[in-house]
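Please load the model in a viewer and keep the selection panel at hand. The tour below proceeds by selections, from pockets to aromatic rings.

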Amino acid sequence: MTRSDATDRLLDRFLTELRDLAPVAVWAHGSLGGGDYQEGRSDLDLIAVLDDPVTARTVWRVALLHARLRNEPLVAKLHCTYLTPGKAAGAERRHLTWAHEQLFKRPVTPVTRRELHTFGLVLHGEPPEGLLPAVPDSELNAFVVRDQREFWRRALDRTDAWTQDIWVDLGLVTHARAAVTLKDGRLITKKEALDLLPGLGAPVEVVEDVRRRRYDSRGAAPSEEPGEEPGEEWAARRSRLTREYLAPAIDALVRDHA
């Protein structure tokens, strides 16, 4: 895990600013919780549990909190969902969230809930077990299949999106992680997913491109000089290879587990 003073400073500043809201708990999940955090590349995925109900005043105070952090390095990577013990149950319920430098509402998905119970990092207060209901395997599996079928399979039709790094990276990694969860009931890291993808039939050159950009300081794409952005020709080829792999792979996964 690559984590330096910049990450720790941001987390410490966030926890300090959060004191006025008297959180019951603050947890990290995702790469930071799972031990695969890459500073500057990974998001800081957090959950804050507030004792008081989330009101209009709470929304205003949360917005001010994040505004005060705006000059901190890495702050664009900090995402936090705010929930309360009385509304923690139910993965469909939408909660106040700060992500991508804006406020909106989104659910705490069954995958996130399982991550918190499996390897959630307690930054403050009580552990997830005391506040967040456990996720049955049937609920987790149903969500994973639905996510592959209703989001990722449909997203393959958005051809322009797949020239972007984030779609290629998340599309491949999420599929590999889904396959392992459905087969073995385990959650795996992005690094583990990348190691498994060639064996699942994914295009090796694309997998290596993702690996370089996540773990290699040079981050170069094939046939390019270190530090250059991927050219249009490689971006188009990478998009085609990824979509040609994922379409039948997702169809097979859904057929086998729906």
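**The largest pocket**

Begin by selecting residues 165-184, which form helix H6; with 10 residues, this helix gives the most to the lining of the largest pocket. The model under inspection is predicted.

Next, display the pocket itself, which holds about 1900 Å³ of space. Its lining comprises 50 residues, and those closest to the pocket centre are Asp43, Asp45, Leu170, Thr174 and Lys190. Selecting these five residues is a convenient way to centre the view on the pocket.

Now colour the lining by residue class. In the largest pocket, 22 of the lining residues are nonpolar, 14 are polar and 14 are charged.

**The second largest pocket**

Move on to Val54, Lys87, Arg94, Leu96 and Lys105, the residues nearest the centre of the second largest pocket, which has 13 lining residues. Strands S3 (78-83) and S4 (94-99) are the elements that each give two or more residues to this lining. Which strand gives the most to it? Select S4: this strand gives the most, with 3 residues.

The space in the second largest pocket is about 250 Å³. Coloured by class, its lining shows 6 nonpolar, 3 polar and 4 charged residues.

**The aromatic pairs**

Hide the pockets and display the aromatic side chains. Across the whole structure, a search finds 5 aromatic pairs. Select Trp152 and Trp162 to view one of these pairs, an edge-to-face arrangement with 6.1 Å centre to centre and 65 degrees between the planes. The pair links distant parts of the chain: Trp152 belongs to helix H5 (residues 137-155), whereas Trp162 lies in the loop between H5 and H6, and the two residues are 10 apart.

Keep Trp162 selected and add Trp167. These two rings also form an aromatic pair, here tilted, at 5.7 Å centre to centre with 55 degrees between the planes.

Are the residues of this second pair buried or exposed? Trp162 has a relative accessible area of 0% and is therefore buried. Trp167 counts as buried because its relative accessibility is 14%, and the cut-off for buried is under 20%. Returning to the edge-to-face pair, both Trp152 and Trp162 are buried.

As a last selection, add Phe151 to the three tryptophans: ring pairs link Phe151, Trp152, Trp162 and Trp167 into a cluster.

How values were computed: Residues numbered from 1 in each chain as written. Predicted model: local features only at pLDDT ≥ 70, side-chain atom pairs only at ≥ 80, totals over all residues. Heavy atoms only, no water. 1 Å grid on protein atoms, 1.4 Å probe; cavity = no way out; pocket = protein on both sides within 12 Å on 5 of 7 lines; lining within 4 Å. Points joined across faces, edges and corners; volume = space filled by probe spheres on them. Helix = DSSP H or I, 4+ residues; strand = E, 2+ residues; numbered from the N terminus. Nonpolar A, V, L, I, M, F, W, Y, C, P; charged D, E, K, R; others polar. Phe/Tyr/Trp six-rings, centres within 6.5 Å; stacked < 30°, edge-to-face > 60°. Buried < 20%, exposed > 50% of the residue type's maximum accessible area, 1.4 Å probe, protein only.
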